[in-house]
Amino acid sequence: MGLRYKKPLPHERLKEAGYSSYFLTKQKNIFSMGTMTKFRNGEMVSCSNLERLCRLLNCQPGDLIEYVPEEEGE
């Protein structure tokens, strides 16, 4: 399986912290719309985007993602 986001997904955590997609993409130019879409769809992003996300949410990468080993036969 590999890496996946823990629940809630990053976009939900950003919303809970009071950040909107508009603010992060247009006003502050922190994330691209493509990155925000990846967050919404549960797709992994680059390490630099993960670092920015941790900085905004004041958390560690392990608070956002987890490693799930592959089952035999997958």
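Is Thr25 buried or exposed? With a relative accessibility of 10%, Thr25 counts as buried, and this report returns to its surroundings after introducing the model.

## The model and its confidence

The structure is a predicted model, and its chain has an average pLDDT of 92, with 95% of the residues scoring at least 70. Confidence in the chain is lowest in H2, where the mean is 90, and it is highest in helix H5, formed by residues 61–64, where the value is 96.

## Thr25 in helix H2

Thr25 belongs to helix H2, and its side chain reaches back to the backbone oxygen of Ser21 at a distance of 2.7 Å. When neighbours within four places in sequence are set aside, Thr25 is in contact with Phe31, Ser32, Met33 and Met36.

## The buried side of helix H3

Helix H3 spans residues 33–41, and Thr35, Met36 and Phe39 are buried in it. These residues lie on the same side of H3, because they cover an arc of only 100° around the axis. In general, an α-helix has 3.6 residues a turn, so residues three or four places apart point the same way.

The buried residues of H3 pack against several elements, namely strand S1 (2–5), helix H1 (10–16), helix H2 (21–27) and helix H4 (47–57). Just after H3, Gly42 adopts a positive phi of about 75°.

## The largest nonpolar core

Fifteen is the number of residues in the largest nonpolar core, and Leu14, Phe31, Phe39, Leu53 and Leu64 are those with the most contacts inside it. The elements giving two or more residues to this core are H3 and H4, and H4 gives the most, with four residues.

Leu14 offers a view of the packing around one of these residues: leaving out residues up to four places away in sequence, Leu14 touches Tyr19, Leu24, Phe31, Met36, Phe39, Leu53, Leu56 and Leu57. Among these partners, Met36 and Phe39 are buried residues of H3, and Phe31 is also a contact of Thr25.

## Asn49 in helix H4

Asn49 lies in helix H4 and counts as buried, because its relative accessibility is 10%. Apart from its neighbours within four places in sequence, Asn49 is in contact with Phe31 and Thr35; of these two, Thr35 is one of the buried residues of H3, while Phe31 is among the residues with the most contacts inside the largest nonpolar core.

## Two cysteines without a bond

Cys54 and Cys59 are both buried, since Cys54 has a relative accessibility of 7% and Cys59 has a relative accessible area of 12%. The closest cysteine sulfur to that of Cys54 is in Cys59, at 4.2 Å, which is too far for a bond, because a disulfide requires the sulfur atoms to be within 2.5 Å. The count of disulfides accordingly comes to zero.

## Met44 between H3 and H4

Met44 is found in the loop between H3 and H4, and at 30% relative accessibility it counts as partly exposed. Although Met44 and Leu3 are 41 residues apart in sequence, their C-alpha atoms are 7.9 Å apart in space. Once neighbours within four places in sequence are left aside, Met44 is in contact with Leu3, Arg4, Tyr5, Lys38 and Ile65.

Methods. Residues are numbered from 1 along each chain as its sequence is written. This is a predicted model: local features need pLDDT of at least 70, side-chain atom pairs count only at pLDDT 80 or more; totals for chains, interfaces and linings use all residues. Side-chain values use heavy atoms; hydrogens and water are left out. Buried means under 20% relative accessible area, exposed over 50%, partly exposed in between (1.4 Å probe, protein chains only). The arc is that of the directions from the helix axis to the C-beta atoms. Contact means heavy atoms within 4.5 Å. A nonpolar core is a set of buried Ala, Val, Leu, Ile, Met, Phe, Trp, Tyr and Cys residues joined through side-chain atoms within 4.5 Å. pLDDT is the predictor's confidence in each residue, from 0 to 100. A polar contact is a pair of N or O atoms within 3.5 Å; within protein, one must be able to donate a hydrogen and the other to accept it, and residues adjacent in sequence count only if both atoms are side-chain atoms.
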